[in-house]
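Work through the exercises below with the model open. Each task is followed by a stepwise solution.

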Amino acid sequence: MTESAALFQRQAEGSPIFTKVQTRRGFEYIYEQISGAVAEGQLKPGDRLPAEREMAQIFGIARQSVREALRALEASGLVESRLGVTGGVFIRTGDPTVVSRAMTNLASLGGLSHASVLEARIILTSDIIRMACERATEEDFQKLDEDITFTEQQSKTEAGLERTAQIMEFYHILASATHNEVLVMLTDSLSQIVYLRLNRAGPKPSKDIGKVRRRILNHLRARDADKAIAEISRHLKRLEKVLVEAEKAKELELDASS
């Protein structure tokens, strides 16, 4: 037995970390045990999992089920595969994009309503603005100013993936002005959902987005959270209305062509 395999069979309060599979869908059982061990701190970022053959012995299950479990764990962002002599499957360092992917998938599958996403964006952005008014530095304001200038230049072009991504960057910079990485992560997650909807529906770009953001920045510089919140809330509601109309038009277009 290798050192890594022995590590995962060590005793933890009198019981091994892993136990043999007792269910018919073995790969799900493996997934739950490994993710549970990470949640409880028994497995930490950088820990190497045993080789596939050894894991099959530990769990008492076929190697195919081990492969399926590892693929699911990697897809969820919990583990990563590394090549080479010192390679293998390792517990990953925390990846905030995992949250974004999960929320995007839920939204794509209809698990999150557009109304709920809009409501969450307004609430989250309002709190971010209040915090930014307290914490933002001149450097933060300068980054917002530069982003708005670039957006104003982009507004003269047609809509596209690059332009849409740039439009969403504003919210990332705004959240960063709170100097709270969790708020940045949550903002990016919600922005990704809107980003995908914008690309699918392809609504006509707003020509005054730069002016709206310039007003928001002016309110932020004045540390006037209430006016900044009122401005961005109106903008988010208007964007949602435009998106819904564009999605309906796209749906009618697809129905007509089918």
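A nonpolar core is a set of buried Ala, Val, Leu, Ile, Met, Phe, Trp, Tyr and Cys residues joined through side-chain atoms within 4.5 Å. The model used here is predicted.

**Exercise 1. Describe the largest nonpolar core and name the helices that supply it.**

Step 1. The largest nonpolar core has 42 residues. Those with the most contacts inside it are Ile-129, Leu-144, Phe-170, Leu-174, Leu-220 and Ile-232.

Step 2. Assign the helices. At least two residues of this core come from each of α6 (114-135), α7 (138-154), α8 (161-176), α9 (181-201), α10 (209-221) and α11 (225-257).

Step 3. Look for another core. A second, separate one of 16 residues includes Ala-37, Met-55, Ala-69 and Leu-70.

**Exercise 2. Which residues does Leu-220 touch, leaving out those up to four places away in sequence?**

Step 1. Take Leu-220, one of the residues with the most contacts inside the largest core.

Step 2. List its partners: Ile-129, Cys-133, Phe-141, Leu-144, Leu-174 and Ala-228.

**Exercise 3. Classify the aromatic pair formed by Phe-170 and Tyr-171.**

Step 1. The structure holds one aromatic pair. Its ring centres, those of Phe-170 and Tyr-171, are 5.5 Å apart, with 85° between the planes.

Step 2. Planes over 60 degrees apart count as edge-to-face. The Phe-170 and Tyr-171 pair is therefore edge-to-face.

Step 3. Check burial. Phe-170 and Tyr-171 are both buried.

Step 4. Add the charge. The charged end of Arg-121 sits over the ring of Tyr-171, 4.7 Å from its centre.

**Exercise 4. Characterise the span that UniProt marks as "coiled-coil region".**

Step 1. The unreviewed UniProt entry places this feature at residues 222-256.

Step 2. Residues 222-256 are 91% helix and 0% strand. Their end C-alpha atoms lie 51 Å apart.

Conventions. Residues are numbered from 1 along each chain as its sequence is written. This is a predicted model: local features need pLDDT of at least 70, side-chain atom pairs count only at pLDDT 80 or more; totals for chains, interfaces and linings use all residues. Side-chain values use heavy atoms; hydrogens and water are left out. UniProt positions are given in the numbering used here, feature names are shortened, and annotations may be inferred rather than shown by experiment. Helices (H or I, at least four residues) and strands (E, at least two) are DSSP runs, numbered from the N terminus. Buried means under 20% relative accessible area, exposed over 50%, partly exposed in between (1.4 Å probe, protein chains only). Contact means heavy atoms within 4.5 Å. Rings of Phe, Tyr and Trp (its six-membered ring) pair if their centres lie within 6.5 Å; planes under 30 degrees apart count as stacked, over 60 as edge-to-face and the rest as tilted. A charge sits over a ring if NZ of Lys or CZ of Arg is within 6 Å of the ring centre and within 35 degrees of the ring normal.
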